[in-house]
Amino acid sequence: MDNTIDEKFKSKLMEIFQLEENAIVLDVSLSKLGVSSIYYIKMVVGMEDLFNIEFDDECLDYEKFETLSEILEYIKKKISEKK
C-alpha cells in the first residue's frame, strides 16, 4: 500500500510543480527545490484532496518540513490515523 501512496504523492507533485518524475528527489530540502509558501499551500491542498486527509494547523507552515520525504511520512501517518 505504501508504494501506491508514494506513486500518488509523486504524481501529484509532478502535476503541481510541473516536473518530470526523475526531477522529484524526496530527500532534497524544500528550499533547494525552490518551494515557496504559495507552492507549499498548493501542495497541501492537493494532497488533502488526493488522500482525503487534513493537515494539522501547525503543519501549514512550509518551514515545518525539511524535505518531501518528511511530508510523505506525515501524509502516511495521517492516512493510518483515519483507519
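1. A salt bridge is taken here as a side-chain nitrogen of Lys or Arg lying within 4 Å of a carboxyl oxygen of Asp or Glu. On that criterion, a search of the whole structure, which is a predicted model, returns six salt bridges.

2. One of these pairs joins Asp 6 to Lys 76, with 2.9 Å between the closest N and O atoms. Because Asp 6 belongs to helix α1 (residues 2-17) and Lys 76 to helix α4 (residues 68-82), the pair ties together parts that are 70 residues apart in sequence. The lysine of this pair, Lys 76, is buried, its relative accessible area being 14%.

3. Helix α4 also contributes Lys 78, whose side chain meets that of Asp 56 in a salt bridge at 3.0 Å, N to O. Since Asp 56 sits in the loop between α3 (37-51) and α4, this contact ties together parts that are 22 residues apart in sequence. As for exposure, Lys 78 is buried at a relative accessible area of 12%, whereas Asp 56 is partly exposed at 28%.

4. Lys 78 has a further partner in Glu 81, and for this salt bridge the closest N and O atoms are 3.7 Å apart, a value to be read against the 4 Å cut-off. Both residues lie in helix α4, three residues apart, which is about one turn of the helix. Glu 81 counts as partly exposed, with 47% relative accessibility.

5. Which residues are linked in a network of salt bridges? The network consists of Asp 56, Lys 77, Lys 78 and Glu 81, and the pairs of Lys 78 with Asp 56 and with Glu 81 have been described above.

Notes:
Residues numbered from 1 in each chain as written. Predicted model: local features only at pLDDT ≥ 70, side-chain atom pairs only at ≥ 80, totals over all residues. Heavy atoms only, no water. Helix = DSSP H or I, 4+ residues; strand = E, 2+ residues; numbered from the N terminus. Buried < 20%, exposed > 50% of the residue type's maximum accessible area, 1.4 Å probe, protein only.
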